[in-house]
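Colleague: I have a new model open and would like to learn how to read it. Can we go feature by feature?

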Amino acid sequence: FYVSIGQPRIQGCCRTVPLAGHVGFDSLPDQLVNKSVSQGFCFNILCVGETGLGKSTLMDTLFNTKFEGEPATHTQPGVQLQSNTYDLQESNVGLKLTIVSTVGFGDQINKEDSYKPIVEFIDAQFEAYLQEELKIRRVLHTYHDSRIHACLYFIAPTGHSLKSLDLVTMKKLDSKVNIIPIIAKSDAISKSELTKFKIKITSELVSNGVQIYQFPTDDESVAEINGTMNAHLPFAVIGSTEELKIGNKMMKARQYPWGTVQVENEAHCDFVKLREMLIRVNMEDLREQTHTRHYELYRRCKLEEMGFKDTDPDSKPFSLQETYEAKRNEFLGELQKKEEEMRQMFVQRVKEKEAELKEAEKELHEKFDRLKKLHQDEKKKLEDKKKSLDDEVNAFKQRKTAAELLQSQGSQAGGSQTLKRDKEKKK
Ligand code: GDP
């Protein structure tokens, strides 16, 4: 037995010393296994593909069960993500499996934004995990991790090439999730066409710079099988939950008028390869890659966006505390600047309003003066008119008096003549 003892004062130097007998830490891996088994595992699969490409059927076939769910229609106005979680048990191992499916994918006339809900969904799961991680009282060991570990991308068995919708979507997803492309319903394509189709898809993915998940070859125990399987990508799969009697055995198969295609027959399709790679051999690597590569990238970008950094401009380590203080000072500075700006704006506004009011006051005064003058002129005109009217009235009165006088004199003279005429008549 050997053990390495750290030398705190001489950095990077460890001595290897032999142990005289059994200590017991060789059971550490077993302890880990026991702990993990008792905690259970979780695995989240995202199935991206057009409606009717066999996503639900393949999931049922992969996990040998019938998951709930109604077939989706082709009339969805947009793409929606439907998530279902199931508790599965195999031997003494518990698995919390989440299957997320894209409902309505490829069903709209304008498919430009079809990738967006998928990207948003993946980011939302990362964000939820990051928020849990940043909590003061975090409970990550009991937290239901909903981050997507594997994205099965269902390619239609056209035998031609990838659709632009597929390329755009995969390109948008490749830095966020482990993409495993699969040719769906591969019983619809002939053997020679399939070989060409696989080559075409691979070259299109390479020329468009789409990074798909590569089964890891750094672990000796799985390097060979993973290396071989990488060359078989994208897997051509067939799904069926129907069991047919073939020979003496009941097998999952699809029956056609001309014959039967067996799901688990490697000469018929790559279903077994997919199941082996996805579930039996690389499930842990997919989980690990999700955490160490994709989530790490999301976390880094998000924290940088929030202004956190590991080093200062001189490349010296910069702690979270220092970042927080710097951010706080920056924030306070900005707040003060905003306050000062608002104050200046307020003073300016008051000045403007004051000037406006003064102008209005001046105008009012001028108007008052104008009206006053107008009123005086009017008054003078009326007084003049009154005076001339008074003069007229006086003149009229004088004329009237004179006329009355004349009339009375006239009537006296007229009266004496009448008397004279009456006396003569009597005579
Ligand atoms: P989803 O909308 O992508 O979930 O597709 P479904 O799983 O509901 O499958 C749609 C139809 O395709 C069903 O009638 C399935 O029986 C059929 N189907 C599923 N897998 C295959 C397959 O591998 N080959 C063929 N030919 N048909 C399949």
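Colleague: Start with the ligand. How far is an oxygen atom of the ligand from a polar backbone atom of Gly54?

Modeller: The distance is 3.1 Å. Keep in mind that this is a predicted model.

Colleague: Which side chains make polar contacts with ligand oxygen atoms?

Modeller: Take Thr57 and Lys185. An N or O atom in the Thr57 side chain is 2.5 Å from a ligand oxygen. For Lys185, a polar side-chain atom lies 3.1 Å from an oxygen atom of the ligand.

Colleague: How many residues surround the ligand, and which are the closest?

Modeller: There are 14 around the ligand. Gly52, Lys55, Ser56, Thr57 and Asp187 are the closest.

Colleague: Next, helix packing. What describes two packed helices?

Modeller: Two values: the angle between their axes and the distance between the axes. Here, take helix 2 (residues 55-62) and helix 7 (residues 271-281). Their packing angle is about 70°, and the axes are 11 Å apart. An angle of 65 to 115 degrees counts as roughly perpendicular. Helix 2 and helix 7 are therefore roughly perpendicular to each other.

Colleague: Which residues meet there?

Modeller: Helix 2 brings Leu58, Thr61 and Leu62. Helix 7 brings Phe271, Leu274, Arg275, Leu278 and Ile279. By class, this contact has six nonpolar residues, one polar and one charged.

Colleague: Now the backbone. What do most residues and peptide bonds look like?

Modeller: Most residues other than glycine have a negative phi, and most peptide bonds are trans. Now two cases from this chain. Ser91 is not a glycine, yet has a positive phi of about 50°. Ser91 sits in the loop between strand 4 (80-90) and strand 5 (93-103). The Leu233 to Pro234 peptide bond is cis, with omega near -10°. Pro234 is in the loop between helix 6 (220-230) and strand 8 (235-236).

Colleague: Last, the record. Where does UniProt place "domain: Septin-type G" and "coiled-coil region"?

Modeller: Both come from an unreviewed UniProt entry. The entry puts "domain: Septin-type G" at residues 39-305. Over residues 39-305 the chain is 37% helix and 22% strand, with end C-alpha atoms 35 Å apart. UniProt lists "coiled-coil region" at residues 321-399. Residues 321-399 are 100% helix and 0% strand, and their end C-alpha atoms are 115 Å apart.

Key: Residues are numbered from 1 along each chain as its sequence is written. This is a predicted model: local features need pLDDT of at least 70, side-chain atom pairs count only at pLDDT 80 or more; totals for chains, interfaces and linings use all residues. Side-chain values use heavy atoms; hydrogens and water are left out. Axes are lines fitted to C-alpha atoms, for helices over the stretch in contact, and angles run from 0 to 180 degrees between N-to-C directions. Helices (H or I, at least four residues) and strands (E, at least two) are DSSP runs, numbered from the N terminus. Angles under 35 degrees count as roughly parallel, over 145 as roughly antiparallel, 65 to 115 as roughly perpendicular and the rest as oblique. Contact means heavy atoms within 4.5 Å. Ala, Val, Leu, Ile, Met, Phe, Trp, Tyr, Cys and Pro count as nonpolar, Asp, Glu, Lys and Arg as charged, and the others, Gly among them, as polar. UniProt positions are given in the numbering used here, feature names are shortened, and annotations may be inferred rather than shown by experiment. A residue is near a molecule or strand if one of its heavy atoms lies within 4 Å of it. A polar contact is a pair of N or O atoms within 3.5 Å; within protein, one must be able to donate a hydrogen and the other to accept it, and residues adjacent in sequence count only if both atoms are side-chain atoms.
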